[in-house]
Amino acid sequence: MENVERLVRTWVATERDEEVEAVVAEITSGNATFVHIVKALGEYLTAEEDSLRTKVISGVEFLSSVIGRCPPEKLNRQAARVLVTFYCGKLEDTETIIPALKGLVSLTSLPTFTGSDAVEVVKAVFKHVKMNVLVQSQRFLVFRIIDILIARHREAMKGLGKEFFSGYIALAEGEKDPRNLLLAFAIDRVLLIEFDISAHVEDVFNITFCYFPITFRPPPDDPYGITTDDLKNALLACLNANPAFGPLAIPLFLEKLTAGSPATKRDTLTALDACLPVYGAAVARGFARKLWNLLKLEIFQPTDPQTEETALKTTQILIQTIYAVDDRESQSDEEDVQGLAKEACEECIQILHEPEKSQAKPAIKVLCAFMSTTPSVARFTLSRVVPHLTKLFHNPDEAPIRVPTLRLLADFIAASRDSISKDTEVLPDEEDVPLAPYKDEVLGVLTVGLRTPSTAPPALDGLKALVTTRGLLTDEEIGFVVHNVNELLQKEGEEGFDDVSDPALDLLREISTFAPRHVATNTLPLLFSTLPDHAPSRSAESERLKYWRTLSSLARLCEQPDLFETLVVRLLTKLDLVCIPPPGTQVAEEDHEPIAAYAHSILRTIADVLSAKVVKGHKDVMKYIDRLVPRLYHLFIYSALTSDGTYMAATDPRLVSIAAQVITLITQTLQAQRQTTFTQALFAAYLQGDVKRLVDGQQKTPADRTFRPLEPAASTLQKNLLALFSAALIALHKKVPLPVEDEVSFLDSLLHWTSEHADNGLQRDAIAHIVASVVNKRAEGLSSFTAERLGIFWTTEIANPHAPIQRRRQSISLWAWVTKALLIRGDALAMQHTDKLFTLFDDSEVNWDAARAVGFAVASDKIFTKKNHAVIKMLYAQRFCNAMLPRIIAGAKSSEQPRQNAFLVALTSLITSVPNSIYAHEMSTLLPLLLRGLDLPDPEIRVSVINTLLAAAQPGSGGHAAAKEKNALSEHATNLVTTMLKNSMVQEMPSVRVRVAALKFLAVLPSVVRYNVLHPQKASVIRELAKVLDDPKRAVRREAVEARTNWFKFSG
């Protein structure tokens, strides 16, 4: 007891939390009770002298703090009863009301607090608490008490009847703080749902609907995190909580729709969506005509698309509410549907008598919305719209309006389709498919529409909606559609039919997903028949265009597994015919390029479809390791071995590159076990000359010739096929072993080969990709290679000043690939490799190559990807950039030539290789250096710098003065204008890419820099840009027009 008294006296003097916690600990341990606390507080609770009033407030505050932190089981029923009486008494005192409210919040939550206590407390709160004199936090305590009482003692509150409602309404009326309103709205919703408000409807309506619509906007950096949507949702939960609100609420909603802003109208429409189903059919029917008149205004004369869409949704809900009866047994829709639905439908049908008028589109939107309301309304709408539009289409007097008629019909068919259940597992019965009674006449209209150029596009849209309506068309009817679309495709090239191939192919592609047989048996043979067996000559432009269109069509159609299989078989046959001429045939030199172009287009088609299939995760891709890959290897190896002065298209490096893409796409989808088997066959072919396990084709490889592309004496054609070797290896899983005795020796031999025997960039890139990919995935077992062999390679091939310049540059490229491989996997050796690149910055022969390699190490590429199973560590680019950027900036500022320019090249290379967000914080430092980079002679560097500046300008766009003030470009605006004008002139800059980039930057500059900064340059910029309007390149002239227009409009 003495300890408690001491703690109480200390707290009154200091008001520290430590004393409260100590008293709570005493109670929890059983060393004290609440009786002891009350006795210790003594006069601090009961004194009435003015001199002790402050102590009384402190006493009540202390007691409330203890109750709030004390375990509930330590407060028995007797103590709870005494405290209830005590706190209710303190509510009468304006000076102790605040701590009393705090105590009641804790007290009302206790299990020993009873219903009778709840009645006493709520009466005391209603009687003594005056909300208008309390601040927000104190009013919040009152709402918390009411909320707890309703939650825990609801029946006791209900028993108070009118007294409770009148008291609560007095408390809640006039509240404005959003924190309190969230709680008040929650209380209101419970009252509206759980309590009998029949005698208080208008009063409760007044304290809730007075807040509609919510206009609250949270201040910047609001610490409470209350959003406008939070308040809107909480209020909406009140508005739709009780159907009794209907007759009072609808007139208010009508008023808001009549005179509100677009935002208010949208809020009102959203509220109607939520409230109408609750208010019921009787209320909705009573206000139906008034609501429709206002909704119609928002649909037919919309202020913005969002409001129009919201009004259509509200129209749907209004109709659903009015006709929300189970009408599936209805026999006569026309007799069942009366009132608003019938009137609105007939009103819209009347508008559709002139489908070419602007009002027809919103009218069909309304009718489309009706399709997703109730079955009876949908059937009634369908029975009016479809016959009307089909009759209108067939009327010979209305032929000029067939196009808009078909467009409206297509939209309506799509709406009818979307009104069916979305459950893909269950096929709807025919009677549940709305369009079923009219499908014959609709199908007839749409197929007739395919015959003329103007009506074909909307007819195709309608057919697409028709065939995607589940359970509507039979298999035979789908075949009929495919047949008619095929006829349309055959008209491509005729006058007026140039723009129908894309939508026609989209329709066939859609059909191929669920009925591929029709496309395979009807469409594909038609397309394949148009592909020539031999490449058209250079002068046959129309024939080349035709096969290009055909291949493009096949690429769009053949993603589905069965169709892709057919595509591969047929195109491989064409590829053999094109690439392998009959024995003794001599190909004229002027035909080389057309043959290569045709073969390239065929391979590109296969690659494009494969790429799409891989993205979509098609499981059938992996089987083409047996059906496609061996055929490709055979074609290219056979061509390389047998090309003795005879032109073989498959020896063209461009075809080798596209074939490599196909091999990579297929290999990356294989399981590790299958990759292991394939790799063994691959190495046997490339290292041992045993191609039998790898290739498969009709032509036999010559027995007297061996395939050894890595032999020093190998022909260039064979060496080029290392790209196909690399294509497979880069896609291997990490755990797939290379079938060689020693991986280190193998990689070392590749390094030696690329230095001594590589003939071109294709071969060098292939070796670089192999070495880098193996290092990335298997670095743990290659320490002697990365630490020793690469060091020797650096010394002899790169750092050696006596080596040929071109050889050093090529070796730097390989070094950059290996550095990238280590960096991406998070290996510390990557930074050591990069450090060595910096040592070359003094070497004027290769310093720019080394500088570019710094940025290349972190640039994105198609080799090190997750699909290729590369080892990639998160945030490697950020870490590398954070380490390199300060070093490069310091070097660019302090170094002497030629080292300084090398740092500028490295800076440009680095920042164009990483996202803008990584270096954005350094833009004020980078800008002077980037401006110096624009003086470097390399056009690629200039383009990179300008593109970087363009990226930096994007966040500042928007025209706000504050954004312009902060934009780092403003400080250097004058120099930027002068430099960009110089780079936009054809006399100064031959590169089209640089000129276009400079003009794009000039166009965006007025939106990121203040007018007073750029104003002195405005006249000269407009004058100089006028000269650019005569540039010989159209792309440059177009950008000049855009830039000059922006500067003309630029004003303060």
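Cys-558 sits in the loop between helix 30, residues 541–557, and helix 31, residues 561–579. The model on the screen is a predicted one, and in it Cys-558 has a relative accessible area of 0%, so it counts as buried. Which residues does Cys-558 contact, once its neighbours within four places in sequence are left aside? They are Leu-524, Leu-563, Phe-564, Leu-567 and Val-609. As for its distance from Ala-997, which lies 439 residues away along the chain, the two C-alpha atoms are separated by 39 Å.

I turn next to helix 25, which covers residues 439–449. Its buried residues are Lys-439, Val-442, Leu-443, Val-445, Leu-446, Thr-447 and Gly-449. The elements covering them include helix 23 (375–394), helix 24 (402–418), helix 26 (456–467) and helix 27 (475–490).

Two of these covering elements, helix 26 and helix 27, also pack on each other. Their axes come within 12 Å and cross at roughly 155 degrees. An angle over 145 degrees counts as roughly antiparallel, and therefore helix 26 is roughly antiparallel to helix 27. The crossing is left-handed. On the side of helix 26, the contact is made by Ala-456, Leu-460, Leu-463 and Val-467; on the side of helix 27, by Val-481, Val-485 and Leu-488. How do these residues divide into nonpolar, polar and charged? There are 7 nonpolar residues, no polar ones and no charged ones.

That brings me to the nonpolar cores. The largest comprises 361 residues, and the members that touch the most others are Tyr-168, Phe-253, Tyr-633, Phe-636 and Tyr-686. Helix 32, residues 592–615, supplies the largest share of this core, with 11 residues. To take one of those well-connected members, Tyr-168 is in contact with Phe-126, Phe-143, Ile-146, Ala-184, Ile-187, Asp-188, Leu-191 and Ile-207, again leaving aside neighbours within four places in sequence. Another core, of 5 residues, lies apart from the largest one; among its members are Val-20, Phe-62, Val-66 and Cys-70.

I close with some points of backbone geometry. Phe-212 and Pro-213 are joined by a cis peptide bond, with omega at about -5 degrees. Pro-213 belongs to the loop between helix 13 (201–209) and helix 14 (228–239).

The loop between helix 44 (847–856) and helix 45 (876–894) contains His-869, and Leu-875 is found there as well. His-869 is not a glycine, yet its phi is positive, at about 65 degrees. Leu-875, also a residue other than glycine, has a positive phi near 65 degrees. Is Leu-875 buried or partly exposed? Its relative accessibility is 49%, so Leu-875 counts as partly exposed.

Terms used: Residues are numbered from 1 along each chain as its sequence is written. This is a predicted model: local features need pLDDT of at least 70, side-chain atom pairs count only at pLDDT 80 or more; totals for chains, interfaces and linings use all residues. Side-chain values use heavy atoms; hydrogens and water are left out. Helices (H or I, at least four residues) and strands (E, at least two) are DSSP runs, numbered from the N terminus. Buried means under 20% relative accessible area, exposed over 50%, partly exposed in between (1.4 Å probe, protein chains only). Contact means heavy atoms within 4.5 Å. Axes are lines fitted to C-alpha atoms, for helices over the stretch in contact, and angles run from 0 to 180 degrees between N-to-C directions. Angles under 35 degrees count as roughly parallel, over 145 as roughly antiparallel, 65 to 115 as roughly perpendicular and the rest as oblique. A crossing is left-handed if the near helix is turned anticlockwise from the far one by less than a right angle, and right-handed if clockwise. Ala, Val, Leu, Ile, Met, Phe, Trp, Tyr, Cys and Pro count as nonpolar, Asp, Glu, Lys and Arg as charged, and the others, Gly among them, as polar. A nonpolar core is a set of buried Ala, Val, Leu, Ile, Met, Phe, Trp, Tyr and Cys residues joined through side-chain atoms within 4.5 Å.
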